[in-house]
Amino acid sequence: MTSQQAARAFGNSGGYGASKGGLAALTRSQSEAWAPSGVCCNSVCPGFVPTRLNAHVARDPERSAAMAARTMTGRNGSPEDFAGVAVFLASGPATT
């Protein structure tokens, strides 16, 4: 799991953003390195999803609405939004 903070700043979370930036770079690097062996390397990069880590932002209606306004869907994410893609990426190759 990476984060939009890999490419976009979010106040007072420099360490978190730097770690997610590192994961995004590692994903790109490993994708290139492992592709010749048929191995895919992907990451899921959600936008704002209210969690315990950012509960103070989620509780602020103005900030929460501002986060939602930056999305194409006009709403903030939920963990359930990413369950399908996580299961798909963790699955094995399709067989015919």
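**Exercise 1.** Compare the end-to-end reach of helix 1 with its expected span, then locate its buried side.

*Solution.* Helix 1 has 21 residues, and from its first C-alpha to its last it reaches 30 Å. At 1.5 Å a residue the expected value is 30 Å, and the reach is close to that. The model is a predicted one.

Next, take the buried residues of helix 1: G17, K20, A24 and T27. Because they cover an arc of only 75° around the axis, they lie on the same side of helix 1. An α-helix has 3.6 residues a turn, so residues three or four places apart point the same way. The face turned away from this buried side carries the exposed residues G14, G15 and A18.

**Exercise 2.** Decide whether T2 is buried or exposed, and list its contacts.

*Solution.* T2 sits in the segment before helix 1 (14–34). Its relative accessibility is 5%. Buried means under 20%, so T2 counts as buried. Leaving out residues up to four places away in sequence, T2 touches K20, L23, A24, S43, V44, C45 and P46. Among these contacts, K20 and A24 are also buried residues of helix 1.

**Exercise 3.** Find the number of disulfides in the structure, and explain the result for C40 and C41.

*Solution.* A disulfide is a covalent bond between the sulfur atoms of two cysteines. The cut-off for the sulfur pair is 2.5 Å. For C40, the closest cysteine sulfur is in C41, 8.9 Å away, which is too far for a bond. For C41, the closest one is in C40, again at 8.9 Å. The search of the whole structure finds 0 disulfides. As for accessibility, C40 counts as exposed at 68%, whereas C41 counts as buried at 17%.

Key: Residues numbered from 1 in each chain as written. Predicted model: local features only at pLDDT ≥ 70, side-chain atom pairs only at ≥ 80, totals over all residues. Heavy atoms only, no water. Helix = DSSP H or I, 4+ residues; strand = E, 2+ residues; numbered from the N terminus. Buried < 20%, exposed > 50% of the residue type's maximum accessible area, 1.4 Å probe, protein only. Contact = heavy atoms within 4.5 Å. Expected span 1.5 Å × (residues − 1). Arc of directions from axis to C-beta.
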